[in-house]
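Let's take a walk through this protein together, starting with its strands and ending with its rings. Have a look at the model first.

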Amino acid sequence: MKKSALFMLLGILLCTSGYSQKDNKNFTLSVQEDLIPFADFHYQNPTGHTTSQIWLNYIPSVELSFRNIAFARMRFNTLIADKAQDPQEIMSVNPLDIRAKYPKNRFTYSVSAVCGYNFLNKSNAHQLRLGLVVGFVHQTTDFYTFGGISHKDEITNHFQIGGEISYKYFIPKWNYRWGVGASCEYSYSKGYDDDPYITNINLNITYRILNF
C-alpha cells in the first residue's frame with residue numbers, strides 16, 4: 001500500500017508540470033502527505049504481531065482551496081491497529097464453564113474533512129490556518145475466547161468533530177509549488193474506544209497540482 005501511494009504521487013508530479021502560483025486563478029488543487037504515521041500502533045495483539053495497516057496513514061489527503069482564503073481537505077487516518085485489550089471473563093450457560101474473552105480492535109479508522117480559513121491569505125509563501133474537523137470513525141472489534149473460538153465481529157460507526165490549527169510555508173524558489181508544515185488536531189468521537197478524544201500532531205509536505 002505504501003508503494004502504491006508513492007507511485008500515485010510520482011505520477012501526479014510528472015503530469016502537473018504546468019502549475020504556476022502566478023496564474024491568479026480562483027481554485028488550487030493540492031495533495032498533502034503526512035510524515036508521521038499517527039496511530040496507536042505500539043500495542044501488540046495476543047499473538048505478538050503488530051499490523052501493517054499503520055502504513056495506510058501514508059495515503060495522501062486531497063485539498064481544494066479558494067483564492068488562498070478558504071480550504072477543504074479530505075483525508076483518511078488509521079487510529080488503532082491491532083490494539084489488544086485486557087481479557088474479560090464471561091460465563092456461559094454452564095456456571096462452571098468460565099472462559100476468557102479477548103476484545104481486539106482489529107482495525108479502526110477515521111474518514112473526515114477539514115474545512116477552514118487561512119489568516120495569512122495575502123501571502124503566497126505563508127499560511128496560518130484554522131479548520132473544523134467533521135467526519136466519522138469506523139471501528140471493527142473482533143471477539144474471541146482463550147480456546148481460539150471466534151465470535152462475530154462487531155462493527156460500529158461514531159461521529160467525529162473537532163478542530164485543527166496548522167502552518168505551512170511554500171518555497172518561492174520552486175514557484176510556491178512545494179510546501180512544508182505542521183498541524184495539530186484535537187477532536188472528539190463519542191463511543192470510540194475508552195478515550196473518545198483524538199489528538200494528532202504531525203509534520204507534512206504539500207504539493208500544489210493545479211491552479212484553475
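Two strands count as a pair when DSSP finds at least two bridges between them. Keep in mind that what you're looking at is a predicted model.

With that in hand, find S8 and S9: these two strands pair in the antiparallel sense, over 11 bridges. To see one such match, look for Gly179, which stands opposite Thr206 in S9.

Now turn to strand S1, which covers residues 27–34. S1 also pairs with S9 in the antiparallel sense, over seven bridges. Here you can pick out Ser30, whose bridge partner in S9 is Arg208.

Arg208 is worth another look, as this residue lies over the face of Phe170, at 3.6 Å from the ring centre. There's a similar sort of contact to find at Phe71: the charged end of Arg129 sits over the ring of Phe71, 3.9 Å from its centre.

What about rings meeting rings? The count comes to seven aromatic pairs. One of them is Tyr186 with Tyr197, a stacked pair with 5.8 Å from centre to centre and 10° between the planes. Tyr186 belongs to strand S8 (residues 178–188) and Tyr197 to strand S9 (residues 197–211), so this pair ties together parts that are 11 residues apart in sequence.

Are these two tyrosines tucked away? Tyr186 counts as partly exposed because its relative accessibility is 47%, and Tyr197 counts as partly exposed too, at 42%.

One last stop: Phe27, Phe66 and Phe212 form one aromatic cluster.

Terms used:
Residues are numbered from 1 along each chain as its sequence is written. This is a predicted model: local features need pLDDT of at least 70, side-chain atom pairs count only at pLDDT 80 or more; totals for chains, interfaces and linings use all residues. Side-chain values use heavy atoms; hydrogens and water are left out. Rings of Phe, Tyr and Trp (its six-membered ring) pair if their centres lie within 6.5 Å; planes under 30 degrees apart count as stacked, over 60 as edge-to-face and the rest as tilted. Helices (H or I, at least four residues) and strands (E, at least two) are DSSP runs, numbered from the N terminus. Buried means under 20% relative accessible area, exposed over 50%, partly exposed in between (1.4 Å probe, protein chains only). A charge sits over a ring if NZ of Lys or CZ of Arg is within 6 Å of the ring centre and within 35 degrees of the ring normal.
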